[in-house]
Amino acid sequence: MRAAVFFLSIVFLVFSGSAQAQSIIPLAQKGGLHAAYVVPVDTFDRVDVQLIVLSGSYDDPDPSGTAHLTEHLAAFSADATILRKPRERDIYATTHNVATVYTNSGLPSEAEMLLRLSRAVLDTPSVSRQFAESEVAIVQRETLLRERQYPFRWLSRMALQNLYGTLRGRADNTVEDLPKLSLEKAYQFHKEHYVPSNVTLIVSGNIEPARAEELVARVFGDTEPSDAPKKPWLDQKPDPEKQSVVRLQSDRLQRDTVLFAKFVEFEDRSTSIDMQGAFFIASGILNERIAKVLRHEDTRILNHGVNWYFAKNADVELVIDLQLMPGFSVDEAKDLLTETLAGLLDEPISKYEIHQLRQKEVVWSQNMARRPSAFLWFLQNVAADGFPPISPSVFAETLSNTTDQEVIDFAEKILQPSATSFVLAEKADGHARFQGPASRSSLCGAYLAAG
């Protein structure tokens, strides 16, 4: 997910005279919710209600996967309660790392029903034991399919496990824990995390603010403030001197792969709220410089990906994966990536680069405002960290208020020495057999050796 950006206030701003700005209006009558907002958008003849539980897979207990299972139970229970039709429509919910998002969409005339569907998510799931057990099996199959389709998932998880020295929180043990998924643990997770003070509500679309305020007060008015669950994963800090390297072979890989993870802590910051503009611009510039080397100057990389997470407490998690061409060894690729990162700022960041990236982000946000699904993603991405949501237009102002020096300072901090983790993964033939510790047996036929 893209990291959150901060809320400046209700701002009316026009993108180059073409796209109307969206105002973000906090709702005072919200019961015990952490926050509730209405975002009027008269260009969409629809209403969308996003209920964001501020807990996701990073908050998983033992076993991991519990947040995902809870999402299934809560979504189907809400449908059964309000629509009386369980499993007759797809789940409109997603479990992310730090939040679980439930989206209900419909015509403006259906706004109250959409809010009641969202409110029902907070009630203890009420489905039959047989139905609930069938969802356990579905979650298991979904997870195994994604692990097979996207090796990046388990390779990045291994890199994070080695970086943080833990199987919980930011590094989980997803596949190994699937046989241990428990309905009792899911219901307990719901009880602890699906509390009003851990929930943000966003009503957007073709609805008058006064109407939204009235409906939210009516539907959520019975909720009461409560203690929000703690986020122990936010306190996970790897040893800044840590330099981990793990090697493996797997018959589930399409090609040799290098996975790199890096942790950066802004020690003097307790929140990332005032650093978001610098983060987006600096990370964009670094992404382009990385791509220049790995995509345009070196033909031995088939593909690469760069993923950033900027936590609300100003911790940065950077993950890079390299898909290698035949004949390019994982050791050579590791050296190339190390040299690339070390030399990214050999040429100082120019005012022109910052200007170009700033404009690129503005255009991106304009495009997000034009498509309903993209607009919803934009809103939920910001709110997932517990910050107020931000409209694309206010995001543009955030970028314009960020100074060039703030961007340069942020980039320099990111590239300073800090904790890192490499996974050097080689494709094995179809006869590969696991020969490592039992806890790694789910890594799809992998040999492991610590470097």
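User: How many bridges join strand E3 to E5?
Analyst: In this predicted model, local features need pLDDT of at least 70, side-chain atom pairs count only at pLDDT 80 or more, and totals for chains, interfaces and linings use all residues. Residues are numbered from 1 along each chain as its sequence is written, and side-chain values use heavy atoms, with hydrogens and water left out. Helices (H or I, at least four residues) and strands (E, at least two) are DSSP runs, numbered from the N terminus, and two strands pair if DSSP finds at least two bridges between them. E3 and E5 run antiparallel, with Val 53 opposite Thr 100 in E5, and the bridges joining E3 to E5 number seven.

User: Are the residues on the two faces of E3 buried or exposed?
Analyst: Buried means under 20% relative accessible area, exposed over 50%, partly exposed in between (1.4 Å probe, protein chains only). One side of E3 carries Val 47, Val 49, Leu 51 and Val 53, and the other has Asp 48, Gln 50 and Ile 52. Seven of the seven residues meet the cut-off, so E3 is largely enclosed by the rest of the structure. Both faces are covered, and the residues on them are all buried.

User: Which strands stand at the edges of the sheet?
Analyst: Six strands make an open sheet with mixed pairing, ordered E1-E2-E6-E3-E5-E4. An edge strand here has a single partner, so one side of it is left without a neighbour in the sheet. That description fits E1 (25–26) and E4 (93–95).

User: Which strand runs parallel to E6?
Analyst: E6 also pairs with E3 (residues 47–53), but over seven bridges in the antiparallel sense, with Asp 48 standing opposite Ser 204 in E6. The parallel pairing has six bridges, and in E6 it is Leu 201 that stands opposite Ala 36. The parallel strand, residues 35–40, is E2.

User: How many residues of E6 are buried?
Analyst: In a regular strand the side chains alternate between the two faces of the sheet. In E6, Val 199, Leu 201, Val 203 and Gly 205 point one way and Thr 200, Ile 202 and Ser 204 the other, all of them buried. E6 (residues 199–205) is therefore largely enclosed by the rest of the structure, and the buried count is seven of the seven.

User: What is the relative accessible area of Ser 204?
Analyst: Ser 204 lies in strand E6. Contact means heavy atoms within 4.5 Å, and beyond its neighbours within four places in sequence, Ser 204 has contacts including Val 39, Arg 46, Phe 375 and Leu 379. Ser 204 counts as buried, with a relative accessible area of 1%.

User: How far is the C-alpha atom of Leu 54 from that of Gly 386?
Analyst: Leu 54 sits in the loop between E3 and helix H1 (66–82), and at 9% relative accessibility it is buried. Setting aside neighbours within four places in sequence, its contacts include His 34, Asn 198, Lys 231 and Gly 386. Leu 54 and Gly 386 are 332 residues apart along the chain, yet the separation of their C-alpha atoms is 6.6 Å.

User: At roughly what angle do the axes of H10 and H13 cross?
Analyst: Axes are lines fitted to C-alpha atoms, for helices over the stretch in contact, and angles run from 0 to 180 degrees between N-to-C directions. The axes of H10 (residues 351–370) and H13 (residues 404–414) come within 10 Å and cross at roughly 95°.

User: Which residues of H13 make the contact with H10?
Analyst: The crossing makes H10 roughly perpendicular to H13, a label that covers 65 to 115 degrees, with angles under 35 roughly parallel, over 145 roughly antiparallel and the rest oblique. On the H10 side sit Lys 351, Ile 354 and Arg 358. The H13 side consists of Asp 404, Val 407 and Ile 408.

User: How do the axes of H10 and H12 come out, and at roughly what angle do they cross?
Analyst: H12 covers residues 392–400. The two axes come within 9 Å and cross at roughly 175°.

User: Is H10 roughly parallel or antiparallel to H12?
Analyst: The axes of H10 and H12 cross at roughly 175°. That makes H10, relative to H12, roughly antiparallel.

User: What share of the residues in the protein is buried?
Analyst: The protein has 13 helices and 12 strands. Of its contacts with a separation of 6 or more, 82% are between residues 24 or more positions apart. Out of 451 residues, the buried share is 55%.
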